[in-house]
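User: I should like to go through the terms applied to a protein model and see how each one is justified. Please set every value against its definition.

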Amino acid sequence: MFASGGHSSADGVNQPLPTQLGGFEDSSAGAAFQAEQSQHALPALDLYLPQGWEHGEQWASEDFKEGMRLHGVLPDGSHPETSFTIRGLNYTASIGPPGLTHEVFLRRA
C-alpha cells in the first residue's frame with residue numbers, strides 16, 4: 001500500500017511507454033497486424049448517414065464527412081482513398097478532383 005522510499009506510485013505516470021511491439025510495426029508483418037486490427041475496429045459511420053440514405057456511388061454529405069473525420073477515415077492529400085464498411089457493405093472514399101478536393105466520393109469496393 002505504501003510506496004518504498006526509492007519508488008513512488010507516480011513514477012509510472014507521464015512516462016513514455018516502451019514500444020509495445022518492439023519494432024514489429026515497422027515490418028510487413030506489423031503492417032498486416034495493423035490492417036487486421038483496423039478491420040476489426042470498424043467505425044460506426046452509419047450514425048452520420050442522412051435519413052433515407054441508400055447504397056450506391058455518391059458524394060458524401062457534410063455530416064458523413066464529419067463522421068469520417070472523427071473516426072480517422074476521411075481521405076486527404078496524403079491518403080487520397082480510404083476504405084470502410086457502411087451497413088455491412090465495403091466502400092472506398094476518394095477525395096474529389098482538382099478544384100473539388102474538399103469533396104469526397106463514395107463507391108462500393
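Analyst: The turns below take up the overall architecture, the salt bridges and some single residues. This is a predicted model, in which local features need pLDDT of at least 70 and side-chain atom pairs count only at pLDDT 80 or more, while totals for chains, interfaces and linings use all residues. Residues are numbered from 1 along each chain as its sequence is written, and side-chain values use heavy atoms, with hydrogens and water left out.

User: How many helices and strands does the protein have, and what pattern do they follow?

Analyst: There are 2 helices and 4 strands, and along the sequence they follow the pattern α-β-α-β-β-β. Helices (H or I, at least four residues) and strands (E, at least two) are DSSP runs, numbered from the N terminus.

User: Why are Lys65 and Glu62 called a salt bridge?

Analyst: The term requires a side-chain nitrogen of Lys or Arg within 4 Å of a carboxyl oxygen of Asp or Glu. For Lys65 and Glu62 the N to O distance is 2.8 Å, so the pair satisfies the rule. Both residues lie in helix α2 (residues 62-70), 3 residues apart, about one turn of the helix. By this rule the count comes to 4 salt bridges.

User: What makes Lys65 buried and Glu62 exposed?

Analyst: Buried means under 20% relative accessible area, exposed over 50%, and partly exposed in between (1.4 Å probe, protein chains only). Lys65 has 7% and is therefore buried. Glu62 has 54% and is therefore exposed.

User: Which residue forms a salt bridge with Lys65 at 3.4 Å, N to O?

Analyst: That residue is Glu103. The pair links distant parts of the chain, with Glu103 in the loop between β3 (89-95) and β4 (104-108) and Lys65 in helix α2, 38 residues apart. Glu103 is buried, as is Lys65. Glu62, Lys65 and Glu103 are thus linked in a network of salt bridges.

User: How do you know that Glu66 forms a salt bridge with Arg69?

Analyst: The closest N and O atoms of Glu66 and Arg69 are 2.6 Å apart, so the pair meets the distance criterion. Glu66 and Arg69 both lie in helix α2, 3 residues apart, about one turn of the helix.

User: Why are Glu66 and Arg69 called partly exposed?

Analyst: Glu66 has a relative accessible area of 34%, which means it falls in the intermediate class. Arg69, with 46%, is partly exposed as well.

User: Why is Thr92 called buried, and which residues is Thr92 in contact with?

Analyst: Thr92, found in strand β3, has a relative accessible area of 8% and so counts as buried. Contact means heavy atoms within 4.5 Å. Leaving aside neighbours within four places in sequence, Thr92 is in contact with Glu81, Thr82, Ser83, Phe105, Leu106, Arg107 and Ala109.

User: What phi does Arg87 have, and why is Arg87 called partly exposed?

Analyst: Arg87 has a positive phi of about 50° although it is not a glycine. Arg87 is found in the loop between β2 (81-86) and β3. Its relative accessible area is 43%, so Arg87 is partly exposed.

User: What are the corresponding totals for the protein?

Analyst: Of the 109 residues, 23% count as buried. Among contacts with a separation of 6 or more, residues 24 or more positions apart account for 37%. The protein exposes about 7,900 Å², with carbon and sulfur atoms supplying 54% of it; accessible areas come from the Shrake-Rupley method with a 1.4 Å probe, and for residues only the protein chains shown count as cover.
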